[in-house]
Every structure is written in C-alpha cells, then in structure tokens.
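User: Could you take me through this structure and show me how each label is earned?

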Amino acid sequence: MKKGPSVWYTPAGYSWTLCDEILDGVHCLIAGTTGCGKSTLMHSIIFSALADAPSEKRFILCDPKRIELSDYRNLPHVLRAETEEAGILDALDYAVAVMEARYKMMEGTGCKRFNAGADIYIIIDEFADLMLGAECKRFTRTVQRLLQLGRAAGIHIIAATQAPNRKVIPANLVLNFPQRIGLRCLSSIESRQIVNKAGCEELPAHGVGYFINNCTARKVEVPLTPPEDIAERVAFWEAQV
C-alpha cells in the first residue's frame, strides 16, 4: 500500500477538495435521482476518510440496501454496520448514547467541543427508505436529535436519498443539514428543496452537482474514485485488524 508518513497517495484524476470539505463539516445530505452518482460520491467520501486511522475517524454504517456499504463492514474504523431497520435504529440510539456521554465529559472538563477521541460519521444510504419505514417517527426523532446536538460532540451524519421530497423528508429535517449536495434531479422543485435553487434538473447524468455549505450554492465536480483504489485502501485497513 502506498502510504507516506501521514498522507496517503492521491490517485490520478482524484479531487480531494469536495470530500475533505464534507468531512470537515457538520452534516451532509446528498440527493438526486437513481443512477446520478450518489453512491459514487459516498464511496469517495469514505475513501477520503480512510486516509486517517480509526483513532481519528470512526463509522456507523446504515445500509438498508444491504450491499452498498458491505465492503467496509470489517474495517477497524467501523463501530456498527446494520442493514435491517431495527438494527439501524439501535445503532442510532447507540450514537445518541455516545453523544450524551461525550457531553457529560465536556461538562466535566469545561470544554465546548469534544476533543478526546475520534469523530464519528453516521453513513446512511437511502435515507428516504427509513423515513417511510414502520418506525419512521422514532427514526426521525433520533436523527433530529443527532443533527441538532452532534456537532460539538464530534458526531456527523452523511446521508443519501433519491427522494428529496418534503412529503418524505420534512423541511425542518433538511435544514438541519448545513451541507447539501444536489445531483441530477427530476424537477426544479426537487432542486429547490435540496439546494434552494433550480438547476439540478438540468445537470448531466453524472459528474456534476450543486453544493450548498451553510448559505450559497456552487457548482462542483463530483469525484470518481477508481474501485481498485478503494479496494486497496480497504484491504490495507482490514489487514490491521
């Protein structure tokens, strides 16, 4: 594995900028129609996160489709990897318990931001499936709490959905994602719901999106990380277990 003292090699043609900005942010929602590259971007974000050791970044993987995040389940970075709705809800409750424990620690030390352990990234593939599930109220309530309080505790949500529809994902939940990426959408209405402006409906099928970070939306290139590079990095970390 090509690895320097503290920095991984960069695959040819790979842009770190967008993924690093997302990882350095608070919470991010990725939305777009089927086949527009949501999973491609999700894999690139995880690839970027795996430049760091488990002592710096940890994951909770929520994968209702069962196969999208399966390659990462055995990494030392992974705290929980769940595919069933009940398991996902338990994993989110676990994240809330960790968050509460971190707040107690911060209260005891007088710190305003947790700095005694790894940042935890809750990766949710197909957010809308869980919003429409049997336990949607419990899911919404738990996610809302994590979105509102996770930042200071070093807990972040990165979620993807193909249904950026306010009948599925309420506006008050969307607005708790300070970072949002709109890929190719079906309509200008969906575009406005995710990035506050029309335009996503006119994007090409792959490779480009609109990224809103707290206020202004800008057009960005969506990185494509070669599968062989992801597999190599995953294999390296699996060998450390």
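**Strands, a helix and a cavity**

User: In β8, what is the bridge partner of I212?
Analyst: That partner is A217. Keep in mind as we go that this is a predicted model.

User: What makes β7 and β8 a pair of strands?
Analyst: Pairing takes at least two bridges. Five bridges join β7 to β8 (residues 217-221), so by the cut-off of at least two they count as paired. The two strands run antiparallel. Their hairpin has three residues between the strands, and N214 there takes a positive phi near 75°.

User: How do you know that β6 pairs with β7?
Analyst: We use the same test. Strand β6 (residues 179-182) is joined to β7 (residues 208-213) by four bridges, so the cut-off of at least two is met. These strands run antiparallel, and N213 in β7 stands opposite Q179.

User: Why are L18, C19, I22 and L23 said to be on the same side of α1?
Analyst: These residues of helix α1 (residues 17-24) are buried. They cover an arc of only 130° around the axis, which puts them on the same side of α1. On the other side, T17 and D24 are exposed.

User: What makes R166 a lining residue of the largest cavity?
Analyst: A lining residue has an atom within 4 Å of a cavity point. R166 is on the list for the largest cavity, which also includes L29, P164 and Q193. By class, that lining has six nonpolar, two polar and one charged residues. The cavity holds about 50 Å³ of space, and the structure has one cavity of 30 Å³ or more.

Technical notes. Residues are numbered from 1 along each chain as its sequence is written. This is a predicted model: local features need pLDDT of at least 70, side-chain atom pairs count only at pLDDT 80 or more; totals for chains, interfaces and linings use all residues. Side-chain values use heavy atoms; hydrogens and water are left out. On a 1 Å grid over the protein atoms alone, a cavity is a set of points where a 1.4 Å probe fits but cannot get out, and a pocket is an open set with protein on both sides within 12 Å along at least five of seven lines; lining residues have an atom within 4 Å of a point. Grid points are joined across faces, edges and corners, and a volume is the space filled by probe spheres set on the points. Ala, Val, Leu, Ile, Met, Phe, Trp, Tyr, Cys and Pro count as nonpolar, Asp, Glu, Lys and Arg as charged, and the others, Gly among them, as polar. Buried means under 20% relative accessible area, exposed over 50%, partly exposed in between (1.4 Å probe, protein chains only). The arc is that of the directions from the helix axis to the C-beta atoms.
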